[in-house]
Amino acid sequence: MRRFISGLMIVAGLACGSALAELPLPAAPTDADFASHPPDLVRLGWHLFYDPILSGNREVACATCHHPAFGTSDGVSLGLGDGGKGLGPARVADADNMPEQRIPRNSPALWNLGAHEFTRMFHDGRIEVDPSRETGLRTPLEGDMMAGFASLLSAQNMFPVLSPDEMAGHYSENEIAQAVRQGRITGAGGAWDMIAQRVRDIPDYAERFMATQDDISTPQDIAFTHISDAIAAFVAVEFRSDTSPFDAYLRGQGDLAEGAARGMGLFYGRATCSSCHSGPFQTDHGFHARGVPQLGPGKAARFESHRRDTGRMRVTGRTEDAFAFRTPSLRNVARSAPYGHAGSHATLAGFIRDHADPVAALMRYDRAQVILPDLPVDDWQIMDDPVERAAIAEAVQTPPIALSDGDIADIVAFLESLSDAQALAGRLGVPPDVPSGLVVPNP
């Protein structure tokens with residue numbers, strides 16, 4: 001029995017005859033929460049998303065680190081982009097092209113990034129909507145950022161192709177990497193233009209862009225913004241997720257299993273998960289310091305020697321933002337392990353247990369749970385340094401929450417109810433081939 005009062009769902013009998021409980025549940029997502037995209041543009045973006053042609057050495061596609069087989073992530077704590085072979089946990093370093101380091105942060109899932117409410121991207125929000133800027137966006141490139149993107153999601157796509165560790169490759173390996181090293185990003189002959197030229201030179205892509213975009217009359221009119229717009233359209237449609245059991249429940253079209261219902265009561269009640277994981281996609285889009293362990297190379301400029309990752313502080317410069325990271329959406333979270341900005345936790349139960357009392361958990365953190373491709377690097381410099389570890393702990397401002405093993409199991413059951421079978425199965429799936437003729441990443 002359910003009724004709605006002032007936007008709050010009143011749920012009877014959450015668990016084992018419990019008294020009537022009032023929970024601040026969100027409204028179910030609707031079509032109005034998402035932009036629409038032309039099917040032909042979506043299919044064009046589908047092929048580009050899986051095509052390694054966009055990477056410097058023609059070996060890494062967007063899908064390499066954001067594959068549906070791993071919940072649109074990559075199944076490892078910190079991935080290997082350029083210089084890796086294979087996919088997911090089976091990915092290994094290429095002895096003939098050894099990566100310089102791991103990708104510094106865990107690969108974020110892509111679910112619902114096409115929804116209007118997503119106005120910040122990446123773990124630190126370094127790309128975000130900002131009407132005060134000429135381009136309408138705040139990005140690391142600031143005044144050098146190109147204009148003309150169809151969406152924030154499209155602008156976000158512009159950056160992995162510039163990263164030496166992710167897609168560009170390293171200094172002398174290819175012309176894209178060299179342009180990045182020299183700071184030639186925008187304009188004719190810049191890194192983005194050279195990637196676009198590769199696409200222009202493939203007749204199938206050129207013909208499809210001319211057919212789908214009114215401002216493209218010849219292949220030379222194709223800019224990287226067009227490529228990025230197409231990929232964004234694909235991501236927005238393919239990875240839309242709003243038909244989970246929880247969505248059905250919100251729409252009055254189904255009930256949750258007993259454990260999931262108890263977990264929902266905890267999530268939106270005593271466990272206070274929804275204080276950050278709020279709204280229809282379980283995120284407030286804010287930044288919070290939660291004492292999550294740091295491993296890997298950290299986030300530093302090439303001239304810096306430290307391995308720390310101060311999160312949002314690297315964007316804002318404010319000390320109060322130290323070690324704060326964006327609240328991730330929890331759609332299909334049960335399929336996108338490991339968890340944390342550095343992939344510190346292999347299981348949801350383990351992450352929730354430590355998240356409930358992060359300061360104590362940081363001191364007893366079990367390193368054996370990480371999933372890392374073999375690479376001869378030091379992954380634990382920060383955690384081995386008592387001063388660095390204490391700084392992460394001191395940034396935590398929230399008190400611990402007492403959760404039993406049963407409570408944690410129930411919260412995990414609720415998070416499982418956010419798994420969307422239709423979205424996970426895919427609307428287009430993985431293409432058998434791509435117009436460049438390069439190898440499509442697939443397990």
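Q: In this predicted model, buried means under 20% relative accessible area; is Phe-239 buried or exposed?
A: The cut-off for a buried residue is under 20% relative accessible area. Phe-239 has a relative accessibility of 2%, so Phe-239 counts as buried.

Q: What kind of ring pair do Trp-111 and Phe-49 each take part in, given the partners Phe-239 and Tyr-50?
A: Planes over 60 degrees apart count as edge-to-face. The planes of Phe-49 and Tyr-50 stand at 75°, with ring centres 5.2 Å apart. For Trp-111 and Phe-239 the planes are at 85° and the centres 5.6 Å apart, so this pair is edge-to-face. The pair of Phe-49 and Tyr-50 is likewise edge-to-face.

Q: How many residues apart in the chain are Trp-111 and Phe-239?
A: Trp-111 lies in the loop between β5 (92-93) and β6. Phe-239 lies in the loop between α8 (224-238) and α9 (245-250). The pair therefore links distant parts of the chain, 128 residues apart.

Q: Which residues form the cluster linked by ring pairs?
A: Among its members, Tyr-50 is buried at 0% relative accessible area, and Trp-111 is buried at 4%. The cluster consists of Phe-49, Tyr-50, Trp-111, Phe-234 and Phe-239.

Q: Which strands stand at the edges of the open sheet of three strands?
A: The strand order is β6-β7-β8, with antiparallel pairing. Each edge strand has a single partner, so one side is left without a neighbour in the sheet. The edge strands are β6 (120-121) and β8 (137-138).

Q: Over which ring does the charged end of Arg-126 sit?
A: The charged end of Arg-126 is 3.9 Å from the ring centre. The ring belongs to Phe-122.

Conventions: Residues are numbered from 1 along each chain as its sequence is written. This is a predicted model: local features need pLDDT of at least 70, side-chain atom pairs count only at pLDDT 80 or more; totals for chains, interfaces and linings use all residues. Side-chain values use heavy atoms; hydrogens and water are left out. Two strands pair if DSSP finds at least two bridges between them. Helices (H or I, at least four residues) and strands (E, at least two) are DSSP runs, numbered from the N terminus. Rings of Phe, Tyr and Trp (its six-membered ring) pair if their centres lie within 6.5 Å; planes under 30 degrees apart count as stacked, over 60 as edge-to-face and the rest as tilted. Buried means under 20% relative accessible area, exposed over 50%, partly exposed in between (1.4 Å probe, protein chains only). A charge sits over a ring if NZ of Lys or CZ of Arg is within 6 Å of the ring centre and within 35 degrees of the ring normal.
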